[in-house]
Amino acid sequence: MAQTTDCYWQQHVDYTMDVSIDVKSFQYSGTQKLVYTNNSPDTLNRIYYHLFFNAFQPGSEMDIRLQNITDPDSRMMTANQTSRIAALNESEMGYLHPVSLKQDGQTVSFLEEETVLVVDLVNPIPPGGKTTLDMDFKGQVPLQVRRAGRNSSEGVALSMSQWYPKLAEYDFEGWHADPYIAREFHGVWGDFDVKLTLDKKYVVGGSGYLQNPQEIGHGYETPGTKVKKQKGKTMTWHFKAPMVHDFMWAADPDYLHDTLQVENGPTLHFLYKNNPEIIENWKKLQPKTAEMMQFFSKNIGSYPYKQYSVIQGGDGGMEYAMSTLITGERKFGSLVGVTAHEMAHSWFQHILATNESKHEWMDEGFTTFISSLCMNEIMDENKDNPFENSYRGYYNLATSGKEQPQTTHADRYDLNFAYGQAAYSKGAVFLAQLGYIIGQDKLMETIQKYYEDFKFKHPVPNDIKRTAEKVSGMELDWYLTDWTQTTNTIDYGIKEVVADGEKTKVTLERIGSMPMPIDILVVYADGSQETLYAPLRMMRGEKENPYPSLKRTTLEDWPWAFPTYSFSLDKPKANIKAVVIDPSQLMADINAQNNIWQAQ
C-alpha cells in the first residue's frame with residue numbers, strides 16, 4: 001500500500017526535557033514532557049517508546065545477535081570475535097528506565113520489554129486529539145560499543161545519541177516499535193526543547209540551536225560580546241530543535257569549537273578533540289563541508305535548518321538531526337568522505353526520513369549515490385563513473401549466492417555483508433541505473449521532485465518510483481519490482497554478429513531474468529561510431545539520446561519474454577570493428593564479458 005502526496009498524514013510530538021548528567025558515574029536523570037498529536041484517522045489506545053540504551057546489557061537481543069551472526073559488525077561491537085556487550089559489567093553497561101509516567105495528570109501503567117516501553121493509555125487519543133505525557137526517567141551511558149556511549153576509542157567522553165525515551169512512529173502501516181538490535185532508526189517529527197546540565201568544563205555540540213550562548217561561551221557567543229558565566233560547578237545548556245525526529249548531543253572537556261557560515265546557507269559547527277595530530281585535517285575539512293552543503297542543496301533541495309554540526313565521536317560515522325558524529329583520527333580524504341556521506345543523510349534520512357528498518361536501501365543507497373557525486377566534484381576525482389565502487393559491491397553480492405531481496409527487514413539479513421551491500425551498494429545502483437533507464441537529466445529532476453514532494457512525509461519505495469514515472473513519462477513498476485523485491489539479475493549478451501549480404505545481422509540475448517532497455521554502440525573500421533537503442537516494451541516510453549554527438553537509431557521495442565533480439569546494420573561485417581552493449585556501464589549487468597563483440 002502506498003499513499004499519494006495529498007493524503008499523507010504525519011503524527012507530531014513535541015519534547016520538553018530537562019536532564020542532569022554526572023560525568024563521573026555517567027549516570028543521568030531527567031524529566032520529559034511530551035505533547036503528542038494524533039493526526040491519524042485511528043483512535044490510539046496504546047503507545048510505545050524506544051529505550052535504546054537497554055540494548056547495551058549482557059543477554060540483550062543485540063548481544064545475542066552479535067553472538068549468533070557469522071559475520072558480526074566489527075565496529076567496536078566485538079573484540080577477539082566475541083561480543084563486547086557480553087563483557088560489560090554493571091558500571092559499564094547502559095540502561096534507560098522510566099521512573100514514573102502520567103497521561104494528562106493521571107498515572108498510567110507501562111511495561112519495559114528491553115528496548116521497547118509498552119504504555120496502555122488511561123484515555124485513548126481520538127483522531128485529531130492531543131495528549132500530554134509526563135515522565136521521570138533515569139539512564140546510564142554505556143561504554144562506547146555502537147554509535148552511542150562514553151569513552152570512545154579516540155577519547156571522546158560522551159556521544160549521546162538515542163539516549164532519551166523516544167516515542168515510536170505510527171503511520172498508515174501501524175506502529176513501528178522495533179526492538180533495537182543494531183540497525184538504524186525511525187521517528188516522529190516534532191519540536192525539541194532540551195536543557196542539559198553537566199560539569200561546566202565540558203563543551204557540548206549537537207542538534208538544535210543554543211538558546212543561551214551568552215551564558216555558555218565556548219565559541220557559541222556573539223563575537224566581541226561578554227560571556228556571563230553560570231555560577232557553580234555545572235552549567236545548563238539550552239537547545240531547541242524545530243521539526244526534527246531525533247536529538248543528539250556530544251560533550252568533551254577538550255573539544256575545540258569552530259564555526260563557518262555557508263553563503264546563503266546554515267552555520268556550520270565543528271567540534272573535535274584538541275589533538276595536535278588531527279587539527280590540521282579538521283581545519284581543512286571546514287571549507288570542504290561548506291562545499292558539500294552547497295552541492296546537496298543545489299542537487300537535492302534547500303537545507304531547511306539554520307545550523308549543522310560535525311562532531312568527533314561515535315564509532316565511525318552516523319547521521320543525526322542537524323548533525324553527525326564521526327571518528328576524527330582519519331586521513332584527510334577519509335575525513336571528507338565520511339562527512340559528505342553523513343551530511344547527505346540530512347536530506348534522505350532526516351528530511352525525507354524513510355523507515356530504515358524496512359527500506360534501508362532508500363536512505364543508505366540514495367545517500368551513497370549523491371555523496372559519490374559530491375566527492376567526485378569537490379575532491380576533483382574526475383571519475384567517468386563515480387559509482388564504480390557501488391557497482392563493484394553489488395556485483396560481489398549478486399554473484400555471492402548470499403543475496404537477499406532489498407525488501408528484507410534490516411534486522412533479518414543473514415549476514416552483515418548481505419545487509420551492507422544491499423543497502424549501500426545496490427541502493428546506490430538503483431538510482432545510478434535509473435539514470436541509465438530514464439536519462440541523467442530526468443534522474444536529477446526526479447531526485448529534486450521527490451525531495452520537494454515528500455520531505456517530512458516518510459516516503460515509501462512506490463513514491464520514488466511514481467516520481468520517476470511522472471518525470472519521465474515511462475512505466476517503471478517492473479524496475480522497482482525486480483530490483484528491490486527479488487534477487488533477479490541482469491545479464492544481456494551479444495549472441496552473434498553475422499554477415500547478411502551487404503548488411504550485418506546482430507543478435508542479442510537475454511540470459512538473466514531482469515528486463516532492461518539496451519543501449520548499443522557500434523564502432524566501425526574507419527573509426528566512426530553510432531549508437532542504437534532497443535527500448536523495453538513494458539516501459540512504454542523512450543529516453544533521450546544520452547550520446548548527442550553520435551547518431552542514434554531507435555529500434556523496435558524488445559518484449560521481455562523474447563530471449564533473443566535481432567537488428568540489422570547497413571554496412572558489411574568487414575566494416576565493423578566492435579559492437580558493445582551499454583558503453584556507459586551504468587546497467588548493472590553481472591557478466592560484462594559477453595557485452596562486447598570484436599572483429600578478429
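1. In this predicted model, Lys 288 is buried, its relative accessible area being 18%. That value falls under the 20% limit used for burial. The side chain of Lys 288 forms a salt bridge with that of Glu 291, at 3.7 Å from N to O. Glu 291 is partly exposed, at 32% relative accessibility. Both residues belong to helix H3 (residues 279-299), where a spacing of three residues puts about one helical turn between them. In an α-helix there are 3.6 residues a turn, so residues three or four places apart point the same way.

2. A second salt bridge within a helix joins Lys 465 and Glu 469, with 3.8 Å between the closest N and O atoms. The two are four residues apart in helix H9 (residues 461-472), again about one helical turn. Lys 465 and Glu 469 are both buried. This pair is part of a network of salt bridges that links Lys 465, Arg 466, Glu 469 and Asp 477.

3. Glu 530 and Lys 551 also form a salt bridge, their closest N and O atoms being 4.0 Å apart. Glu 530 sits in strand S29 (residues 529-534), while Lys 551 is in the loop between S29 and strand S30 (552-554), so the pair ties together parts 21 residues apart in sequence. The two ends differ in accessibility: Glu 530 is buried, with a relative accessible area of 12%, whereas Lys 551 is exposed at 57%. Over the whole structure, the search finds 21 salt bridges.

4. How do the side chains of strand S1 (residues 12-22) alternate? Val 13, Tyr 15, Met 17, Val 19 and Ile 21 point to one face and are buried. His 12, Asp 14, Thr 16, Asp 18, Ser 20 and Asp 22 point to the other face and are not buried.

5. S1 pairs with two strands of opposite sense. With strand S2 (residues 27-37) the pairing is antiparallel, over eleven bridges, and Thr 16 stands opposite Lys 33 of S2. With strand S16 (residues 190-199) the pairing is parallel, over six bridges; here Val 19 has Leu 196 as its bridge partner. S1 and S2 make a hairpin with four residues between them, and Phe 26 in the turn has a positive phi of about 60 degrees.

6. Other positive phi values deserve a check. Most residues other than glycine have a negative phi. Ala 353, not a glycine, has a positive phi of about 60 degrees. Ala 353 is placed in the loop between helix H4 (332-352) and helix H5 (356-378), and is buried at 1% relative accessibility. Asp 380, likewise not a glycine, has a positive phi of about 50 degrees. Its loop runs between H5 and helix H6 (388-398), and Asp 380 is exposed, at 57% relative accessibility.

7. Helix H8 (residues 440-454) has 15 residues and spans 21 Å from its first C-alpha to its last, close to the 21 Å expected at 1.5 Å a residue. Which residues of H8 are buried? They are Leu 443, Met 444, Thr 446, Ile 447, Tyr 450, Tyr 451 and Phe 454. These cover an arc of only 150 degrees around the axis, which puts them on the same side of H8. The cover over the buried residues of H8 includes H3, H4, H5, helix H7 (416-438) and H9. Just after H8, Phe 456 has a positive phi of about 60 degrees.

8. Gly 206 lies in strand S17 (residues 203-206). Is Gly 206 buried or exposed? Gly 206 is buried, with a relative accessible area of 3%. Leaving out residues up to four places away in sequence, Gly 206 touches Met 248, Trp 249, Gln 307, Ser 309, Ile 311, Met 322 and Ser 323. Its C-alpha atom is separated by 18 Å from that of Gly 30, which is 176 residues away along the chain.

Methods:
Residues are numbered from 1 along each chain as its sequence is written. This is a predicted model: local features need pLDDT of at least 70, side-chain atom pairs count only at pLDDT 80 or more; totals for chains, interfaces and linings use all residues. Side-chain values use heavy atoms; hydrogens and water are left out. Buried means under 20% relative accessible area, exposed over 50%, partly exposed in between (1.4 Å probe, protein chains only). Contact means heavy atoms within 4.5 Å. Two strands pair if DSSP finds at least two bridges between them. The expected span of a helix is 1.5 Å times one less than its number of residues. The arc is that of the directions from the helix axis to the C-beta atoms.
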